[in-house]
Amino acid sequence: MTQVNFVMVRSPKLIKYSQIGYGWVSVNFSQFETVTDLIEQGFQGIDRGRQTNQIKRYFNLKQGDYVIVPFSGTIAIAEVVGYKSYHPITEGLQYGENRITVSYLKHKDGYFIPRGSLSTALQNRLKIRTTICDLNEFSEELYKHIESIKNDKLYTWNNEQELKLQENTEKFKAQLLTRLRNNKGINLQSGGIGLEQLIKEILEAKGYKARIPAKNEKSGIQDVDIIATRLSEFSDKTEGIFIQVKHHEGTTGNHGVRQVAEYEINEDDYTHIDRVLITTAEFRNTDFAELHDVTVLAGADFINWIFDNLEHLSEQSLLALGISNLPTLL
């Protein structure tokens, strides 16, 4: 399979002609079949300086290669078609006499890609003060731009970082859930108390008064592990959250739903009441929970809630979860 090359060409703006251009007005590149003939015959008696490699790289551009054309603050990407031609003067354009036919890639906003959408390394390479430059080491990044343009989108380096951030976030959540389920890599108080204290800390940081009631406070099946209340903004009554917490590894059954659903309270004292089952395990019987008007935060949903409230946890609690506050490279 023929290698696809990526080459920067400082061409005049020839997009409307579907061409790129290179100088050397005294030499007609299109007259020669091979680069050897071009150098030995076309440049006979002409001082090429240090530009021989650039001349060869430009002449050898073939169908399917990609050319990156820098402009002020932007670039354009073109796929090489390959037909060579010579234009000494075209509407006053100079330094683009030797042309190669290309197909400029166009996205929904036009042909141009802001340089700020490129990686720092590629932006720096484009600053090199040569007319022709090999960009093959950036092929992976440039292919992403090409594929995005073909899908009528504009790829940006920031989008790449956002994708990495999202992937790292999902990996973090999955690892945290595994740690909580098997009690490895964390330092919470055992017996479920540590998890209750964690939830209580978050609720208090959000303006609730929260307490963990005594286990013998109620009789029978009724039981909650956390009671959180705060005054309503619109009356002298109270909003209440009653939570049953299960630190399980596999699946949590209906018992936790019954415990919080049957917890007796004087509903007249509250403007709004939430009965909640929180579990590190899976919970499958959502119909049963809905029937008893109990909200369930199970497994990944619970981890999402913790993640959204990490800012409310103390440094000590974060360390207990094994979470570092050190910066991380994407």
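Is Glu137 buried or exposed? With a relative accessible area of 60%, Glu137 is exposed, since the cut-off for that label is over 50%. Please keep in mind as you look around that this is a predicted model. Below is a short tour of three topics: the buried side of helix 2, a few salt bridges, and the meeting of helix 6 with helix 9.

**Helix 2 and its neighbours**

- Helix 2 spans residues 52-59, and its buried residues are Thr52, Gln54, Ile55, Tyr58 and Phe59.
- These residues lie on the same side of helix 2, because they cover an arc of only 165° around the axis.
- Among the strands that the buried residues of helix 2 pack against are strand 1 (6-9), strand 2 (19-22) and strand 4 (74-86).
- Strand 5 (98-104) and strand 7 (132-134) are also packing partners of these buried residues, and so is helix 1 (35-42).

**Salt bridges**

- The model has a count of eight salt bridges, and three of them are worth a visit here.
- Arg125 pairs with Glu137 in a salt bridge whose closest N and O atoms are 2.6 Å apart.
- This pair links distant parts of the chain, with the two positions twelve residues apart: Arg125 sits in helix 3 (residues 120-125), while Glu137 belongs to the loop between strand 7 and helix 4 (139-150).
- Arg125 has a relative accessible area of 24% and is therefore partly exposed, whereas its partner Glu137 is exposed at 60%.
- Lys62 and Asp65 form another salt bridge, with 2.9 Å between the closest N and O atoms.
- Within that pair, Lys62 is partly exposed at 26% relative accessibility, while Asp65 is buried at 2%.
- Arg275 and Glu267 also meet through their side chains, in a salt bridge of 3.8 Å from N to O.
- Here Arg275 is the buried partner, at 11% relative accessibility, and Glu267 is partly exposed at 48%.

**Helix 6 against helix 9**

- Helix 6 (residues 193-205) packs with helix 9 (residues 300-308) at an angle of about 45°, and their axes are 11 Å apart.
- That angle makes helix 6 oblique to helix 9.
- The two helices, 6 and 9, have a left-handed crossing.
- On the helix 6 side, the residues that meet helix 9 are Leu195, Leu198, Ile199, Ile202 and Leu203.
- On the helix 9 side, their counterparts are Phe302, Trp305 and Ile306.

Definitions and conventions:
Residues numbered from 1 in each chain as written. Predicted model: local features only at pLDDT ≥ 70, side-chain atom pairs only at ≥ 80, totals over all residues. Heavy atoms only, no water. Buried < 20%, exposed > 50% of the residue type's maximum accessible area, 1.4 Å probe, protein only. Helix = DSSP H or I, 4+ residues; strand = E, 2+ residues; numbered from the N terminus. Arc of directions from axis to C-beta. Contact = heavy atoms within 4.5 Å. Salt bridge = Lys/Arg side-chain N within 4 Å of Asp/Glu carboxyl O. Axes fitted to C-alpha atoms, helices over the stretch in contact; angles between N-to-C directions. Parallel < 35°, antiparallel > 145°, perpendicular 65-115°, else oblique. Left-handed = near helix turned anticlockwise from the far one by under 90°.
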